[in-house]
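Work through the exercises below with the sequence and the model in view. Each task is followed by a solution in steps.

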Amino acid sequence: MSKKAVKPSLQNPFDPPEKVEFTIPGEISRQTGAYEEAMQAGYDLIQRPIKSVEVGQIEKQHFKKRMTVWERIRVLTEAQPNILFQNWGKNLDGASLVTGILTINGRDVALYGHDFTVRAGSIDATNGQKLARLMYMAGEKGIPLIGMNDSAGAFVPAGVGGLDGYAEAFTALRKISGVVPSIMCMFGFNAGGGSYLPRQGSFVIQPNDTFFGLTGPGVVKSVLGEDITPEELGGPKVHGQSGVADLTVTDEVAALRTVVRLLSYLPDNNSVMAPYQETSDPLDRKTWEINTLLKKAFNSPTGFNTPFDVSIIIQQVCDHGDYFEIQPERAREVVTAFGRLGGHVVGFVANNSAVASGQIDCDSAVKIARFVRFCNIYNIPLIFMEDTTGFLPGREQEARGIVQAGRSMLDSIVDVRTPRILLILRNAFGGAYASYNNYPTGADLVLALPTTRLAVMGPAGKEFVYKDELRKIRAAVPGMIKIGTQERVAAGMSGDEAKKDAEKAAAEWLKAQEAALNQRYERELMNPREGLALGSISSIVMPTDLRKVLGENLAFFLRHYKPSPMGGVQREFH
């Protein structure tokens, strides 16, 4: 057995030596000169970022279960990428970042990706300028941007040039924000500028076993003396719940496949509609499953207080039941998702009573605001599904700024210019109804199911509506206890036992009277009738007709909508 160490190589020993000819096929061979030398030098420059990387560097990436930037590109598309800005210097300055144009499902897409096999994908002044130039090109040509981030940050030997490079990229990405959508993938270990830059994008996708954050665990340890793992500090579980990452997935391949799927719901820029897709799913398909869901929920022992998962309704309404949820791990009290209805892309914003009765808290309000603002900018129509008992009360929410978060949600809804429909599923109470895309805030159409309970307050409203009757009922309790005690003593019970039994009977009577008033309040005021009479609701829709009614109305509004960039005054808060 040979004791000589085997050195890995990408070269197949059975392949003939590679020889690149720069002659025209069929041309008689002549003596080569300066032209062929220039061609060879140019070819070497083109191949340099790929072929100058040692096999060991590629093996390191694979050992960490990561792909090289070139392998990631091949997952996104089988078409050959058009690599632009090949401006690497003697020390491969600029080669740690690959920029180019891809064709994904027939659409042009600008792409950048850090090459971790070259200087750990770090940014210097050269490739910072290259990245900014690509972003400006995407904005000028009106094509989406995809970022594959896998960088150690600024290149320290480049000095302030690395910081300038990041600053140029920050500025460029901010200036195209709202002009073209961008999708960012977080691969490897990213810190500092490597986290700021991608979070400027429209969407961030983070696989497992990756990190990004303001600082790494080492800095936290040295500054705060706190031992913390990368997963606990900036892993997908942390960012998925906070909303810093819009989507978390299992691995790099899943992230890249998710990019392609998400891209199918997004327009190229803010002047066009999202891609229309022909569907074989009939628009007038009956949604019997929604009827079954609501029937089982509301006929259960808990009646109209029974929670249910609103995702089922979104699924039944969408073409072939296919929809794409955004921020699925954050603030589950509300579901935000892209779907298609009759081939048209639509954004869904739906209260989810399966979690905390669908109450709106700080996180869910901000989640709604961000999604609605994106749809508004990129000409995506919106369907709101309302089923909430209101904003979540309490000291914690007030301390976290529920007033400001709720105001952000309301602002985003008031500013919507795209077609928008409100469908009230069940509860629509108080301030939550007043700020959730009704006619006064600009809805094009308000529909309601027969199960709608539209009111200023929930059952607690009986305290105000029937206050005189309640006052009389509660005032009668002491007299009932006194008379009941006397009757029981006369019947032979001891004084203490007689009083306790009389108090128990009076309490049960009071509970029954209040329950009767609750039912009366729900019957008289918690229903869609008053909303219909005042014009707050346009019409009642049966659960089985939801897809048909929503689809037909959406198609009507879109026929009369002209996509364009946002105009007019831009408000202060975002």
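Helices and strands here are DSSP runs, with at least four residues for a helix and at least two for a strand. The model is a predicted one.

**Exercise 1.** State the secondary structure content of the protein chain, then decide whether the chain is spread out or compact.

Solution. Start with the elements: the protein chain has 21 helices and 17 strands. Next, take the radius of gyration, which is 31 Å. For 574 residues the globule rule gives 25 Å, and the value for the chain is well over that, so the chain is more spread out than a compact globule. Finally, add the box: along the principal axes, the C-alpha atoms fill roughly 130 × 60 × 55 Å.

**Exercise 2.** Determine how much of helix α3 is buried, taking buried as under 20% relative accessible area.

Solution. Helix α3 spans residues 69-76 and has 8 residues. The buried ones are Val69, Trp70, Arg72, Ile73, Val75 and Leu76. That makes 6 of 8, and the helix is mostly covered. Across the whole protein chain, 48% of the 574 residues are buried.

**Exercise 3.** Find the residues that touch the most other members of the largest nonpolar core, and follow one of them outward.

Solution. The largest nonpolar core holds 63 residues, and Leu76, Leu262, Phe338 and Val349 touch the most other members. Helix α13 (residues 362-377) supplies the largest share of this core, 7 residues. Now follow Val349: leaving out residues up to four places away in sequence, its contacts include Val334, Ile368, Phe371, Leu382 and Tyr436. Another core, of 31 residues, lies apart from the largest one and includes Phe348, Ile383, Leu554 and Leu558.

Methods. Residues are numbered from 1 along each chain as its sequence is written. This is a predicted model: local features need pLDDT of at least 70, side-chain atom pairs count only at pLDDT 80 or more; totals for chains, interfaces and linings use all residues. Side-chain values use heavy atoms; hydrogens and water are left out. The radius of gyration is taken over C-alpha atoms; the globule rule is 2.2 Å times the number of residues to the power 0.38. Buried means under 20% relative accessible area, exposed over 50%, partly exposed in between (1.4 Å probe, protein chains only). A nonpolar core is a set of buried Ala, Val, Leu, Ile, Met, Phe, Trp, Tyr and Cys residues joined through side-chain atoms within 4.5 Å. Contact means heavy atoms within 4.5 Å.
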